[in-house]
Number of protein chains: 4
Amino acid sequence: MKALVYHGPDQTAWEEVDHPKIIDDTDAIVRVDATTICGTDLHIIKGDLPDVTEGRILGHEAVGTVESVGTGVKNVRPGDRVLVACVSACGVCRFCREGAFGQCLAGGGWILGNTIDGTQAEYVRVPFADTSTYPAPDGVSDEALLMLSDILPTGYEVGVLNGHVTPGDVVAVVGAGPIGLSAITGARLYSPAHIVAIDLADTRLDAAKQFGADIVVNNSREDPLVILRELTGGLGADVAIEAVGVPTTFELATTLIRPGGHVANIGVHGKPATLHLEDLWSRNVTITTGLVDTSSIPTLLGLLRGDHLDADRFVTHRFTLDQIVEAYDVFSRAAETGAVKVVLTNP
Amino acid sequence: MKALVYHGPDQTAWEEVDHPKIIDDTDAIVRVDATTICGTDLHIIKGDLPDVTEGRILGHEAVGTVESVGTGVKNVRPGDRVLVACVSACGVCRFCREGAFGQCLAGGGWILGNTIDGTQAEYVRVPFADTSTYPAPDGVSDEALLMLSDILPTGYEVGVLNGHVTPGDVVAVVGAGPIGLSAITGARLYSPAHIVAIDLADTRLDAAKQFGADIVVNNSREDPLVILRELTGGLGADVAIEAVGVPTTFELATTLIRPGGHVANIGVHGKPATLHLEDLWSRNVTITTGLVDTSSIPTLLGLLRGDHLDADRFVTHRFTLDQIVEAYDVFSRAAETGAVKVVLTNP
Amino acid sequence: MKALVYHGPDQTAWEEVDHPKIIDDTDAIVRVDATTICGTDLHIIKGDLPDVTEGRILGHEAVGTVESVGTGVKNVRPGDRVLVACVSACGVCRFCREGAFGQCLAGGGWILGNTIDGTQAEYVRVPFADTSTYPAPDGVSDEALLMLSDILPTGYEVGVLNGHVTPGDVVAVVGAGPIGLSAITGARLYSPAHIVAIDLADTRLDAAKQFGADIVVNNSREDPLVILRELTGGLGADVAIEAVGVPTTFELATTLIRPGGHVANIGVHGKPATLHLEDLWSRNVTITTGLVDTSSIPTLLGLLRGDHLDADRFVTHRFTLDQIVEAYDVFSRAAETGAVKVVLTNP
Amino acid sequence: MKALVYHGPDQTAWEEVDHPKIIDDTDAIVRVDATTICGTDLHIIKGDLPDVTEGRILGHEAVGTVESVGTGVKNVRPGDRVLVACVSACGVCRFCREGAFGQCLAGGGWILGNTIDGTQAEYVRVPFADTSTYPAPDGVSDEALLMLSDILPTGYEVGVLNGHVTPGDVVAVVGAGPIGLSAITGARLYSPAHIVAIDLADTRLDAAKQFGADIVVNNSREDPLVILRELTGGLGADVAIEAVGVPTTFELATTLIRPGGHVANIGVHGKPATLHLEDLWSRNVTITTGLVDTSSIPTLLGLLRGDHLDADRFVTHRFTLDQIVEAYDVFSRAAETGAVKVVLTNP
């Protein structure tokens with residue numbers, strides 16, 4: 001079969017590799033019907049994630065059809081159409097039993113396209129298949145479903161739930177890339193009074209408006225704190241969601257919130273940030289970080305089936321799997337191409 | 001009457017001042033029967049809090065007897081023996097109605113001995129008397145009750161409740177001064193499996209043991225992370241409470257916790273700290289800050305009456321009010337004198 | 001002035017009464033610009049609430065203009081346009097300090113039109129004015145604002161918040177009268193997957209559809225349990241909200257929920273119900289009751305200003321205050337007239 | 001091997017049966033080192049649980065040594081000393097993934113000694129061994145550990161956690177049999193101000209005192225409501241835990257609580273109760289029911305190891321397994337014998 005293989009920084013190839021085999025009895029082999037590219041994949045290609053070694057097949061999001069399963073798999077059968085969660089869950093360890101699948105202690109967590117071969121391939125081995133895949137509901141397209149593999153649970157769990165968004169809130173979202181748009185999508189489920197998107201690029205702010213931000217701020221030109229204070233009687237945002245992953249955006253998020261507010265960090269950070277405790281110590285602030293657990297997938301599936309979640313809106317570009325090198329190019333130049341999520345199908 | 005007056009950095013005097021008068025109709029004038037000194041008072045005297053201007057009477061903790069009340073006071077009467085909360089609450093603003101009295105928007109919050117004259121005096125004007133004092137229960141000593149003015153609510157609310165201590169937890173308390181000891185006292189109410197106190201001074205660690213820490217770590221000699229990992233199967237503490245207020249102790253606290261753990265900052269910080277988001281972003285960490293609200297005073301009063309809270313244990317030294325300059329000296333040399341809380345009574 | 005006076009069961013009159021006077025220094029006298037009739041008023045007129053004595057002016061909802069205030073009132077001034085909450089809050093007692101204003105221990109709670117004279121009058125005395133009125137925001141009509149006095153907070157607090165509605169839930173609302181419609185309106189703020197309205201009257205079910213129920217069940221013809229099980233893989237509703245107040249509807253609500261589900265009772269009950277503990281004991285059920293606190297008014301005001309709450313939709317009929325007897329007639333024959341809320345204005 | 005077999009109402013025998021075999025690949029066969037008798041077993045013998053059919057081996061609590069495991073078992077090995085939870089968890093279904101193991105949808109829940117053969121035997125087949133057993137910690141006796149199979153998690157989860165006991169609360173426990181004593185033990189972990197045990201038998205009330213109730217009320221002689229009101233300024237208990245399972249005790253529990261209080265039902269009920277909604281509708285009451293999930297076992301194990309949980313105290317009588325008929329006799333006459341838990345060991 002063919003797959004996208006990482007050969008070190010800035011070197012990937014769509015090439016012939018061995019068909020995956022069942023290793024553990026809880027594995028499934030899944031034919032990839034649709035996959036996509038994540039911002040994290042771009043980080044890997046830059047060489048930022050040293051755990052990803054040469055020869056690794058990339059990708060951690062997929063919708064597919066089960067080809068075969070190990071003898072210990074109970075609930076997934078060959079022929080099943082499934083959503084593959086970006087996080088694998090052993091289902092047994094302390095964290096899995098608490099729903100914190102991203103922190104799995106027994107070989108799960110984010111492993112696909114990271115420490116084991118991933119989904120940007122014709123087939124993929126999915127460990128812990130019973131607890132790491134979800135049956136695809138009838139009437140939901142592969143494309144829409146694929147958005148529940150990583151991006152929608154990430155914005156919802158790590159941004160919206162960790163940030164405790166509640167009806168009537170003023171929510172600031174710092175960064176209007178795919179993750180910021182996911183946080184906006186998730187926040188709307190809780191009927192905030194206002195969603196304020198903040199970014200340096202007008203094209204991303206235009207996207208934010210389409211996704212449901214009612215106020216957008218280009219912070220190269222305007223001070224978001226001034227705008228948030230105007231909206232809130234001088235107090236600041238109830239929740240600020242960091243969706244970039246650099247020190248300045250995190251630090252900005254911590255200045256935007258009211259006493260008692262929440263900062264929910266989603267961004268993947270490579271450097272430390274400065275925490276202004278000399279201001280924050282007395283302000284009853286809560287700051288959270290998190291890796292997605294994908295524990296919200298059943299909820300999001302319910303919303304998708306009930307037509308309350310516009311997952312399709314994320315898909316801006318479509319390719320076949322063998323065009324993946326071109327798809328990476330389009331996705332990596334998102335500022336120009338307007339790419340949010342690019343979908344790769346295996347026809 | 002006499003009071004301790006701040007005359008600029010390192011200059012205070014016990015001197016004759018005017019008897020306080022009712023200014024607002026919700027004020028009470030309270031005769032101070034017992035007061036104490038807080039670590040924050042030492043910061044003021046060093047000149048660290050520029051809001052405190054020359055001529056200010058210091059002190060924000062008191063048990064006293066009501067002398068007179070304004071015409072708008074409904075529930076407090078001359079002759080009542082009351083606990084004066086260190087935080088004043090208007091009772092009407094948005095934050096007061098949510099119980100966040102420390103963030104009062106209408107002239108309350110921490111004002112006593114800060115922006116208005118305080119309790120280290122024979123008499124004090126207490127604003128918003130109905131919502132900022134509590135009736136002293138029969139059978140509870142002034143000394144014990146005085147510990148509910150600030151130190152016990154601070155450790156309990158900002159350390160224990162913000163840190164979500166639950167039964168069976170492993171709790172690390174960084175700093176074993178008065179606030180750390182208060183956090184230990186509060187944490188014990190939730191039956192953690194272990195309380196690990198961390199400090200550089202063996203005398204403070206001895207106190208921590210007496211207050212209920214079952215493990216003490218002098219981090220000039222031992223690595224607390226090694227010890228916490230041994231206790232927790234390699235994961236780290238469930239909760240780390242910062243009770244010092246400098247960057248290194250905050251940063252230490254953030255390294256000690258397990259995935260999904262809580263860091264509750266109590267310390268008053270004058271400088272920013274470094275937040276290692278490159279490690280923390282994926283660890284599901286929650287970090288909180290807070291000024292005490294004193295909303296837990298009714299709960300703590302119930303525990304005190306029921307003999308579940310050893311408030312007396314904090315009191316290491318006793319003086320009369322006119323010995324306050326000597327009391328400051330003893331309290332400021334706590335490392336030598338072993339002072340935790342010094343009580344000043346007005347005989 | 002004129003007011004609607006209760007003279008015993010089935011006897012009311014719109015008649016001349018004394019203009020209200022300030023009794024306590026925290027009172028305000030408010031000119032009633034708009035008021036409405038509540039289902040509870042109909043109960044009073046039937047004689048079901050013996051606390052309401054002859055001579056009482058009815059009504060507990062109003063938007064008005066402050067005429068005068070007592071000397072202890074700080075935040076409300078003559079000329080202010082205000083929303084009068086149906087619950088009065090002393091702001092000082094234990095329950096008020098916890099936000100449970102409906103349980104006020106110091107003379108508040110639901111008193112207007114119950115134990116003191118109410119709002120179905122040209123003027124009303126509002127006790128505890130600082131903590132029982134809210135400034136009317138610019139640009140919001142009296143009619144819309146009036147819905148925040150009682151009906152919207154009741155559905156939201158006692159139905160939606162007590163029932164812990166969350167995104168993706170299947171919510172059953174038993175009873176599609178005004179309170180059921182309010183629960184539907186409030187539930188939509190949390191993006192449930194489905195809202196199933198259950199009633200015996202098709203006219204009320206039509207209204208439920210307009211308010212946002214996506215499924216309606218006339219339980220004189222269909223079994224709601226069958227429909228809920230179909231929607232939920234056989235499990236039952238996540239949340240069932242009781243909005244009628246008779247034993248059979250409460251008992252129905254308890255049969256509709258899944259293991260781990262919530263039953264939120266809003267209905268005002270006059271008789272005991274049967275609780276089938278022989279079925280429920282092992283099903284992890286949570287049942288809540290509650291009187292509205294109106295603590296959600298600030299949240300609902302934010303949503304109203306941000307255009308996220310269609311309060312106007314409740315208003316089906318409009319009268320002037322002197323037509324109140326006719327308005328009662330229309331409201332009491334809601335099945336025929338389709339009345340949801342009738343608004344009475346004082347021109 | 002030998003086992004206690006149910007042969008219909010009032011008929012059991014300690015008799016020779018087949019040694020259990022692995023049926024599913026996730027099963028373990030466990031040699032029973034210690035087991036005990038539960039009040040539910042007495043109900044079964046009376047014929048109250050028709051799901052239990054003739055020929056069933058009774059018992060759902062055990063500490064034992066693993067004899068063999070199925071091929072799908074990953075974390076449990078022959079020779080391991082384990083605690084067998086009274087609830088079996090598939091680990092995969094929706095409820096198991098939420099920690100609600102008692103509601104397992106895939107063949108788990110309470111099945112041992114109910115729908116499959118149980119632990120009152122020399123050997124037992126334990127389904128879903130990876131997610132239904134816990135490694136026995138060194139230094140903890142079989143007897144103490146055995147109390148974590150059912151009784152301690154039941155009191156803690158269904159009574160204390162569902163009832164939201166918090167520090168300073170006044171907790172009423174209705175019924176001072178084994179489950180009531182477990183609720184008292186669990187409640188103490190949260191430092192309530194008072195625990196009030198209520199029962200008709202002085203012997204059980206004596207036990208309640210030993211377990212930590214500071215106030216005991218024989219409600220054949222005293223009115224518990226009067227006593228609770230005296231303790232709480234007239235308001236009532238914060239939490240009332242029902243630990244009997246008959247209508248009158250449940251109804252009593254609902255009268256004892258304050259506005260905003262919690263009633264946590266633990267009792268196994270065979271009949272409906274009356275819910276006085278005509279009083280309760282406006283009192284902000286929360287009522288919960290529940291089957292134990294045993295999700296608290298890791299927490300309770302941590303407390304047991306840290307010496308914060310006196311599990312041994314429950315064990316009043318000891319037998320060898322072949323004396324089980326005598327043990328049942330002693331346990332069923334608890335009022336006379338003072339039996340709380342009887343331990344049966346397999347020497």
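A charge sits over a ring if NZ of Lys or CZ of Arg is within 6 Å of the ring centre and within 35 degrees of the ring normal. R313(D) and F211(D) give one such case: the charged end of R313(D) sits over the ring of F211(D), 5.3 Å from its centre. The model is predicted. This briefing covers ring contacts, two chain interfaces, backbone angles and the surroundings of one tyrosine.

**Charges over rings**

- In chain D, the ring is that of F211(D) and the charge is that of R313(D).
- A further case joins two chains: the charged end of R97(C) sits over the ring of F101(B). The distance from that charged end to the ring centre is 4.2 Å.

**Aromatic pairs**

- Over all chains, the count of aromatic pairs comes to 10.
- Y156(A) and Y190(A) are stacked, because their ring centres are 6.4 Å apart and their planes meet at 20 degrees. The cut-off for stacking is planes under 30 degrees apart.
- Y156(A) belongs to helix α5 (residues 151-161) of chain A. Y190(A) belongs to the loop between α6 (178-188) and β10 (194-199) of chain A. The two tyrosines are 34 residues apart in sequence, so their pair ties together separate parts of the chain.
- Y156(A) and Y190(A) are both buried.
- Chain B has a stacked pair in Y156(B) and Y190(B). Their centres are 6.5 Å apart, with 20 degrees between the planes.
- That pair links distant parts of chain B, 34 residues apart. Y156(B) is in helix α5 (residues 151-161), and Y190(B) is in the loop between α6 (178-188) and β9 (194-199).
- Y156(B) has a relative accessible area of 4%, so this residue is buried. Y190(B) is buried too, with a relative accessible area of 9%.
- Ring pairs also reach across chains: Y156(A), Y190(A), Y156(C) and Y190(C) are linked into a cluster.

**Interface of chain A and chain B**

- Chain A gives 35 residues to the contact, and chain B gives 35 residues.
- About 3000 Å² is buried between chain A and chain B, with carbon and sulfur atoms accounting for 61%.
- On the side of chain A, L277(A), W281(A) and T289(A) supply 23% of the area buried against chain B. That is more than any other three residues.
- The interface of chain A and chain B holds two salt bridges. One salt bridge joins D238(B) to R94(A), with the closest N and O atoms 3.8 Å apart.
- Polar contacts across this interface come to 17 residue pairs, both residues at pLDDT 80 or more.
- The elements of chain A that each supply at least two residues of the side touching chain B are α2 (94-97), β13 (257-265), β14 (273-275), α10 (277-280) and β15 (286-288).

**Interface of chain C and chain D**

- The contact takes 35 residues from chain C and 35 residues from chain D.
- The buried area between chain C and chain D is about 3000 Å², and carbon and sulfur atoms give 61% of it.
- L277(C), W281(C) and T289(C) provide 23% of what chain C buries against chain D, more than any other three residues.
- Two salt bridges cross the interface of chain C and chain D. D238(C) and R94(D) meet in a salt bridge at 3.8 Å, N to O.
- The interface of chain C and chain D has 17 residue pairs in polar contact, both at pLDDT 80 or more.
- On the side of chain C that touches chain D, two or more residues come from each of α2 (94-97), β12 (257-265), β13 (273-275), α10 (277-280) and β14 (286-288) of chain C.

**Positive phi**

- Most residues other than glycine have a negative phi.
- H164(B) is not a glycine, yet its phi is positive, near 55 degrees. H164(B) is found in the loop between α5 and β8 (170-174) of chain B.
- F128(D) is not a glycine either, and its phi is positive at about 50 degrees. F128(D) lies in the loop between β6 (123-126) and α3 (129-132) of chain D.
- F128(D) has 18% relative accessibility, so it counts as buried. The cut-off for buried is under 20%.

**Around Y123(B)**

- Y123(B) is in strand β6 (residues 123-126) of chain B.
- Y123(B) and I29(B) are 94 residues apart in sequence, but their C-alpha atoms are 6.8 Å apart in space.
- Not counting residues up to four places away in sequence, Y123(B) touches several residues, including M1(B), H19(B), P20(B), I29(B), E67(B) and G118(B).

How values were computed: Residues numbered from 1 in each chain as written. Chains lettered and ligands numbered in written order. Predicted model: local features only at pLDDT ≥ 70, side-chain atom pairs only at ≥ 80, totals over all residues. Heavy atoms only, no water. Phe/Tyr/Trp six-rings, centres within 6.5 Å; stacked < 30°, edge-to-face > 60°. Helix = DSSP H or I, 4+ residues; strand = E, 2+ residues; numbered from the N terminus. Buried < 20%, exposed > 50% of the residue type's maximum accessible area, 1.4 Å probe, protein only. Contact = heavy atoms within 4.5 Å. Buried area = accessible area lost by both parts, 1.4 Å probe. Salt bridge = Lys/Arg side-chain N within 4 Å of Asp/Glu carboxyl O. Polar contact = N/O pair within 3.5 Å; in protein donor to acceptor, adjacent residues only side chain to side chain.
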